[in-house]
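Work through the exercises below with the sequence and the model at hand. Each task is followed by a solution in steps.

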Amino acid sequence: GKPEYGLSIRIASSIPPERGMGSSAAVAVALVRSLFAFYGRKADPAELLALAHIAETFAHGTPSGIDAAAVSADCPLWFCKGEKPQTLPLGAALHLVIADSGRKSDTRSAVQAVKERLRQAREETKEHVNRLETMAVEARSVLSRGDCARLGELLDSAQDALNALGVSDDGLNRLVNAARDAGALGAKLTGGGRGGCMLALAPDGAHAARVSRALKRAGASNTWYFELGERVEK
């Protein structure tokens with residue numbers, strides 16, 4: 001119900017697109033929030049997600065809504081397909097490092113690789129997939145009790161399973177190994193795989209900075225490290 005003139009909208013985002021990091025959802029949520037702020041209003045959560053979903057539909061066709069929910073939340077979310085996302089409490093601070101491989105995720109070829117493995121070695125492939133589900137469920141309780149050491153082990157185990165499924169590639173494996181060598185508690189790819197980004201868990205902020213530098217030396221096009229949700233350095 002507001003006039004559609006007199007607006008100049010400029011978007012500047014440091015989140016790389018097409019890397020599985022929810023960049024379009026972040027832009028959509030920021031844009032909706034900025035328009036509400038311009039008109040002196042604050043969008044309630046349901047209204048914010050409904051309007052961001054319009055933008056996401058324009059960008060992706062049939063978005064799940066999880067990206068917009070995640071980028072607009074103040075805490076991690078537990079998501080199961082067909083169910084409403086639930087907030088996930090943290091038992092301890094998390095020091096995360098994100099590295100961009102500099103390549104777009106090739107989700108299509110990653111999915112095809114899993115399908116081909118299912119055809120060639122069905123039982124072994126199903127075992128890896130089931131392991132990933134089991135680890136995700138355990139990670140939920142591990143996060144709640146703040147057991148960062150165990151969380152790191154789960155990240156490493158998940159990466160091993162994803163690599164066995166053909167979802168990872170040499171470039172991502174190089175970054176994962178560099179993070180581990182630099183003292184990360186654990187590391188794995190994130191997003192669709194075969195390009196895109198990876199993440200590492202560090203024991204503290206000093207280690208996160210060290211891991212970030214190691215990832216850049218290993219070929220990452222960019223890195224970010226955080227404590228909980230606050231960016232420390234680019």
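The exercises go from the whole chain to a pair of helices and then to single residues.

This is a predicted model, in which local features need pLDDT of at least 70, side-chain atom pairs count only at pLDDT 80 or more, and totals for chains, interfaces and linings use all residues. Residues are numbered from 1 along each chain as its sequence is written, and side-chain values use heavy atoms, with hydrogens and water left out.

**Exercise 1. The whole chain**

Task: Describe the secondary structure, dimensions and surface of the protein chain.

Step 1. Helices (H or I, at least four residues) and strands (E, at least two) are DSSP runs, numbered from the N terminus. The protein chain has 8 helices and 7 strands.

Step 2. The radius of gyration is taken over C-alpha atoms, and the globule rule is 2.2 Å times the number of residues to the power 0.38. For 234 residues a compact globule would have a value near 17 Å, and the 19 Å of the protein chain agrees with this. The C-alpha trace spans about 60 × 45 × 35 Å along its principal axes.

Step 3. Buried means under 20% relative accessible area, exposed over 50%, and partly exposed in between (1.4 Å probe, protein chains only). By this criterion, 37% of the 234 residues are buried.

Step 4. Accessible areas come from the Shrake-Rupley method with a 1.4 Å probe; for residues, only the protein chains shown count as cover. The accessible surface of the protein chain is about 13500 Å², and carbon and sulfur atoms account for 53% of this surface.

Step 5. Contact means heavy atoms within 4.5 Å. Of the contacts between residues at least 6 apart in sequence, 63% join residues at least 24 apart.

**Exercise 2. Two helices**

Task: Characterise the packing of helix 4 against helix 5.

Step 1. Two packed helices are described by the angle between their axes and the distance between the axes. Axes are lines fitted to C-alpha atoms, for helices over the stretch in contact, and angles run from 0 to 180 degrees between N-to-C directions.

Step 2. The axes of helix 4 (residues 107-120) and helix 5 (residues 122-145) come within 5 Å and cross at roughly 130°.

Step 3. Angles under 35 degrees count as roughly parallel, over 145 as roughly antiparallel, 65 to 115 as roughly perpendicular and the rest as oblique. Helix 4 and helix 5 are therefore oblique to each other.

Step 4. Helix 4 contributes Val 114, Arg 117, Leu 118 and Gln 120 to the contact, and helix 5 contributes Arg 122, Thr 125 and Lys 126. These residues divide into 2 nonpolar, 2 polar and 3 charged (Ala, Val, Leu, Ile, Met, Phe, Trp, Tyr, Cys and Pro count as nonpolar, Asp, Glu, Lys and Arg as charged, and the others, Gly among them, as polar).

**Exercise 3. Two loop residues**

Task: Place Asp 106 and Arg 194, which touch, and state how accessible each one is.

Step 1. Asp 106 lies in the loop between strand 3 (95-100) and helix 4. Its relative accessibility is 37%, so Asp 106 counts as partly exposed.

Step 2. Not counting residues up to four places away in sequence, Asp 106 touches Gly 193 and Arg 194.

Step 3. Arg 194 sits in the loop between strand 4 (186-190) and strand 5 (197-202). Arg 194 is partly exposed because its relative accessibility is 27%. Although not a glycine, Arg 194 has a positive phi of about 50°.

**Exercise 4. Two helix residues**

Task: Are Gln 159 and Ala 25 buried or exposed?

Step 1. Gln 159 lies in helix 6 (residues 148-164). With a relative accessible area of 2%, Gln 159 is buried.

Step 2. Beyond four places in sequence, the residues that Gln 159 touches include Ser 168, Asn 173 and Arg 180.

Step 3. Ala 25 is in helix 1. At 0% relative accessibility, Ala 25 counts as buried.

Step 4. Leaving aside neighbours within four places in sequence, Ala 25 is in contact with Glu 56, Asp 67, Ala 68 and Val 71.
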